[in-house]
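Please read the following report beside the sequence and the model. It is written for a reader who wants to check individual side chains at the bench.

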Amino acid sequence: MEWKFEYCYGDSEVAEPPEGETISAVDYDTSGRFIAFGDKAGRVTVLERRIARENGSKKETHEFRLHTQFQSHEAEFDYLKSVEIEEKINQIQWLKPKCAGYQLLTTNDKTVKLWKMTSKPLHNISTVVVGSPSRSSTGSASSSSSTSLFRRSPSATSVTPAAPVPQEQVRTSLRRSFANAHAYHINSISLSSDSETFLSADDLRINIWHLDHKDSLNVVDIKPANMEDLTEVITSASFHPQHCAQFLFSTSKGTMKLGDLREGSTVQAYCRAFELEEEPSNKTFFSEIISSISDCRFCADSRYILSRDYLTLKIWDLNMERRPLKVLNMHEALRARLCDVYENDCIFDKFECRWSGDSRIVFTGSYKNTFKVTDVSSVTSASPTKSPTKTPTTLTIDAAKPKTKKKLQSLRKTLAKTVSSKADEEYDKSDFSRKVLHLAVHPTEPEIAVACTNQLFVFRCAPG
């Protein structure tokens, strides 16, 4: 795999960008035309991706431009609980495009909002070149309004309108706000396969909403009668990509549970539970912390599940709950430094994971502003009864390596840097503040967008 740099959005000259500019969520729309990302200041920025061809060449290049930016959430204050509700965007989820425009869901800690984005053409009369002025019957020149709106042909026998300059105006409007249903911080939202309902999950509950109604239905509630008996929290939730009645959610104990709404409006008995039990002799003080699943995703055909905890990526077969097909080590060198990452709170970092559109490659973030790319086709194509014969190769790609315009241009001609395994095992104190937590993958093409602090980088896999 050869991954090349394509685009960078954001100011790289600022040594310490404002806290509000830190990117906190990224997502491609279902067609791959737009990339939306939110930041800690509650803003949502949408980039448009266009295909361009150089003159006289059949080679396609991809151009990105700012499409629109709007304020999704504002900081609020809960007077009943005396707590401030941050405006930070936790997640973004695009809906399937409709003829009337594009729609997307955004959420902060308490409220999910449905936004509609439409584009309207603007027709402005262009500057015209007028030939010899026409004369009226009295011999006076024609009015200035005629010369500004019409172009005279060279023969001065006919008058034609000037061609308008095509422009586009993008408008975003709030269609609906889904609030007052979560007592704890929302950590994930997920759209169903029929695009009519979506899930919103917080630490203890999962609610299901209909896009046309403001009321929700609670489908999962793990809150105990006595909060002192609480042993786990919900960390993420995701709808099945094909069946809108099934969904998956993960917990801080390293367990994933598959629920089916056809068995009841409230999911109490789970169809399947995916968990890899650790040997009691190997358990330490950090075992439960590092086993907490930060993200879980179905692949496109729903046959496999990808889960991410602090140190590993795991690939699960939906028909095999007892153990994962493959465990991929992401931060094995940090296993001996768990005390250090516990003291600086980095052990609680929530790294996202993604499948490629063809389910052959998996992606996740890491420290040092790098992200991991692993070809797992040998795992997903192997027989469930046999272990894969080929070990997947993981590439560590430095996303934020280019810092100046000159370096950005030179990187376009070369492959994205693959960090050596020796360098990948060495971590300085500053490396833990430079991390890729959020990323998104193009739905059909080998392209990935990764967020590094206040910058968004786009990489593309070179053919061949």
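The report takes up salt bridges, then the nonpolar core, then pockets and cavities, and lastly some loop residues.

This is a predicted model, in which local features need pLDDT of at least 70 and side-chain atom pairs count only at pLDDT 80 or more, while totals for chains, interfaces and linings use all residues. Residues are numbered from 1 along each chain as its sequence is written, and side-chain values use heavy atoms, with hydrogens and water left out.

**Salt bridges**

A search of the whole structure finds 20 salt bridges, a salt bridge being a side-chain nitrogen of Lys or Arg within 4 Å of a carboxyl oxygen of Asp or Glu. Three of the pairs are set out in the table, including one between glutamate 48 and arginine 33.

| Acidic residue | Basic residue | N to O distance |
|---|---|---|
| Glutamate 48 | Arginine 33 | 2.8 Å |
| Aspartate 309 | Lysine 314 | 2.6 Å |
| Aspartate 340 | Arginine 337 | 3.3 Å |

Burial is given here by relative accessible area (buried under 20%, exposed over 50%, partly exposed in between, with a 1.4 Å probe and protein chains only). Aspartate 309 is buried at 9% relative accessibility, and its partner lysine 314 is buried as well, at 13%. Aspartate 340, by contrast, is partly exposed at 35%, as is arginine 337 at 26%.

What does the pair of glutamate 48 and arginine 33 tie together? Glutamate 48 lies in strand β4 (residues 43–53) and arginine 33 in the loop between β2 (23–28) and β3 (34–39), so the salt bridge links parts that are 15 residues apart in sequence. Helices (H or I, at least four residues) and strands (E, at least two) are DSSP runs, numbered from the N terminus. Within this pair, glutamate 48 is buried, with a relative accessible area of 2%, whereas arginine 33 is partly exposed, at 30%.

**The largest nonpolar core**

In soluble globular proteins, nonpolar side chains tend to be buried together. A nonpolar core is taken as a set of buried Ala, Val, Leu, Ile, Met, Phe, Trp, Tyr and Cys residues joined through side-chain atoms within 4.5 Å. The largest such core has 19 residues, of which Trp3, Phe363, Phe371, Ile448, Val450 and Phe459 touch the most other members. At least two residues of this core come from each of β1 (3–9), β27 (361–365), β28 (370–375), β29 (394–398), β30 (439–441), β31 (447–452) and β32 (455–461). Leaving aside neighbours within four places in sequence, phenylalanine 371 is in contact with several residues, among them Leu395, Ile397, Ile448, Val450 and Phe459, where contact means heavy atoms within 4.5 Å.

**Pocket and cavity**

On a 1 Å grid over the protein atoms alone, a cavity is a set of points where a 1.4 Å probe fits but cannot get out, and a pocket is an open set with protein on both sides within 12 Å along at least five of seven lines; lining residues have an atom within 4 Å of a point. Grid points are joined across faces, edges and corners, and a volume is the space filled by probe spheres set on the points.

The second largest pocket has a volume of about 780 Å³. Among the 24 residues that line this pocket, Leu276, Glu277, Glu278, Ser287 and Ser291 are the closest to its centre. Two or more lining residues are given by α2 (287–291) and by β24 (312–317), and α2 supplies the largest share, four residues. By class, the lining of the second largest pocket divides into seven nonpolar, seven polar and 10 charged residues, with Ala, Val, Leu, Ile, Met, Phe, Trp, Tyr, Cys and Pro counted as nonpolar, Asp, Glu, Lys and Arg as charged, and the others, Gly among them, as polar.

The count comes to one cavity of 30 Å³ or more, and the largest cavity holds about 40 Å³ of space. Its lining includes Ile289, Ile290, Tyr310 and Ile347, together with Asp309, the aspartate that meets lysine 314 in a salt bridge.

**Loop residues**

Serine 359, in the loop between β26 (353–355) and β27, has a phi near 65 degrees, a positive value in a residue other than glycine, and is buried at 10% relative accessible area. Lysine 368, in the loop between β27 and β28, likewise has a positive phi, near 65 degrees, and counts as buried at 14%.
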